[in-house]
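Open the model in your viewer and keep the selection box at hand. We will begin with the whole chain and then go from residue to residue.

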Amino acid sequence: RTSSEKQVSKLESQINSKDNEIRDVKAKLSNLKSEIASVSPFVIYKVEIGNSYKSGNLETDYGNTIYSGRTMYLKPKIYYKGFAADNYELKIKWFRPNGSMSTGTSSPFGYSQSDSHSLSEGSNSIELPGWGNEAMGHWESGEYRLEIWYDGKCVFLKDFRIYS
């Protein structure tokens with residue numbers, strides 16, 4: 001064999017070895033995702049609150065300052081990492097500055113609202129339906145708390161302020 005044939009053979013061997021390493025790492029990653037999904041099919045890492053009209057169109061964009069006089073429906077945008085794509089029922093608790101939970105005629109027992117959402121694998125975001133009223137000025141100024149529940153556990157909480 002010529003020296004160039006030996007170099008090609010050596011390179012092919014190195015490529016095959018790296019391909020095998022990549023396959024092994026991908027298999028380990030797949031197993032790890034399955035293990036994580038068995039404990040928690042998704043992890044919420046950020047929530048921003050917007051203020052919307054009844055139609056769902058935003059009056060105040062997600063993460064911007066919300067003023068009491070303009071408030072209608074508070075609308076959360078959830079950023080999450082999904083490990084198992086499926087439909088999940090998320091339950092929400094909205095707590096007012098006085099500590100009481102906001103509820104309405106459509107509220108499930110013990111929560112403000114509940115909705116089923118399709119979550120995908122990977123880093124994604126979803127917008128939840130708004131909670132409130134179509135009359136401007138529905139929410140008073142003060143410190144609020146949003147809790148997101150899944151499968152009987154609080155999976156995320158956010159304190160936020162509505163300004164005068």
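A residue counts as buried when its relative accessible area is under 20%. By that cut-off, 30% of the 164 residues of the chain are buried. Keep in mind that you are looking at a predicted model.

**Stop 1: the whole chain**

Show the chain as a cartoon. You should find one helix and nine strands. Start at the N terminus and follow the order: α-β-β-β-β-β-β-β-β-β.

Now zoom out. The C-alpha atoms fill a box of roughly 85 × 30 × 25 Å along the principal axes. The radius of gyration is 24 Å, whereas a compact globule of 164 residues would have one near 15 Å.

Turn on the surface. The chain exposes about 10000 Å². Carbon and sulfur atoms supply 47% of that area. Next, colour by charge. There are 21 positive and 20 negative charges, and their mean positions are 4 Å apart.

How do the contacts run along the sequence? Take contacts between residues at least 6 apart in sequence: 65% of them join residues at least 24 apart. The next stop gives one example of a long step in sequence.

**Stop 2: Glu48, in a strand**

Select Glu48. This residue is in strand S1. Now add Lys77, which is 29 residues away along the chain. The C-alpha atoms of Glu48 and Lys77 are separated by 5.2 Å.

Show what surrounds Glu48. Setting aside residues up to four places away in sequence, Glu48 touches Tyr62, Gly63, Lys75, Pro76, Lys77, Tyr79 and Lys158.

**Stop 3: Tyr53, in a loop**

Go on to Tyr53. Its place is the loop between strand S1 (42-52) and S2. Is Tyr53 buried or exposed? Its relative accessibility is 34%, so Tyr53 counts as partly exposed.

Select Met72 as well. Tyr53 and Met72 are 19 residues apart in sequence, and their C-alpha atoms are 6.3 Å apart in space. Beyond residues up to four places away in sequence, the contacts of Tyr53 include Leu58, Glu59, Arg70 and Met136.

**Stop 4: aromatic rings**

Show the side chains of Phe, Tyr and Trp. The model has nine aromatic pairs, counting rings whose centres lie within 6.5 Å. A pair of aromatic rings is described by the distance of the centres and the angle of the planes.

Select Tyr67 and Tyr163. Why is this pair called tilted? The ring centres are 6.4 Å apart and the planes meet at 55°, so the pair is tilted. Tyr67 lies in the loop between strand S2 (58-60) and strand S3 (73-82), and Tyr163 in the segment after S9, so the pair ties together parts that are 96 residues apart in sequence. Tyr67 is partly exposed at 43% relative accessible area. Tyr163 is partly exposed too, at 38%.

Now select Trp139 and Tyr144. Their rings form an edge-to-face pair, with 5.7 Å from centre to centre and 80° between the planes. Both residues are buried. Add Trp94 and Phe160 to the selection. Together with Trp139 and Tyr144, they form one aromatic cluster.

**Stop 5: Ser102, beside two of those rings**

Select Ser102. You will find this residue in the loop between strand S4 (86-95) and strand S5 (113-119). Is Ser102 buried or exposed? Ser102 has 6% relative accessibility, so it counts as buried.

Which residues does Ser102 touch, not counting those up to four places away in sequence? They are Trp94, Arg96, Ser112, Trp131 and Trp139. Trp94 and Trp139 belong to the aromatic cluster you have just selected.

**Stop 6: Glu140**

Move to Glu140, in the loop between strand S7 (131-132) and S8. Glu140 is partly exposed, with a relative accessible area of 42%. Leave aside neighbours within four places in sequence, and Glu140 is in contact with Ser68, Pro97 and Ile162.

Add Gln113, 27 residues away along the chain. The C-alpha atoms of Glu140 and Gln113 are separated by 19 Å.

**Stop 7: Asp151, a backbone angle**

End at Asp151. Look in the loop between strand S8 (142-150) and strand S9 (153-162). Most residues other than glycine have a negative phi. Asp151 is not a glycine, yet its phi is positive, about 55°. With 57% relative accessibility, Asp151 counts as exposed.

Definitions and conventions: Residues numbered from 1 in each chain as written. Predicted model: local features only at pLDDT ≥ 70, side-chain atom pairs only at ≥ 80, totals over all residues. Heavy atoms only, no water. Helix = DSSP H or I, 4+ residues; strand = E, 2+ residues; numbered from the N terminus. Rg over C-alpha atoms; globule rule 2.2 N^0.38 Å. Buried < 20%, exposed > 50% of the residue type's maximum accessible area, 1.4 Å probe, protein only. Contact = heavy atoms within 4.5 Å. Areas by Shrake-Rupley, 256 points an atom, 1.4 Å probe, with all protein chains shown as cover. Lys, Arg positive; Asp, Glu negative; His and termini not counted. Charge placed at Lys NZ, Arg CZ, Asp CG, Glu CD. Phe/Tyr/Trp six-rings, centres within 6.5 Å; stacked < 30°, edge-to-face > 60°.
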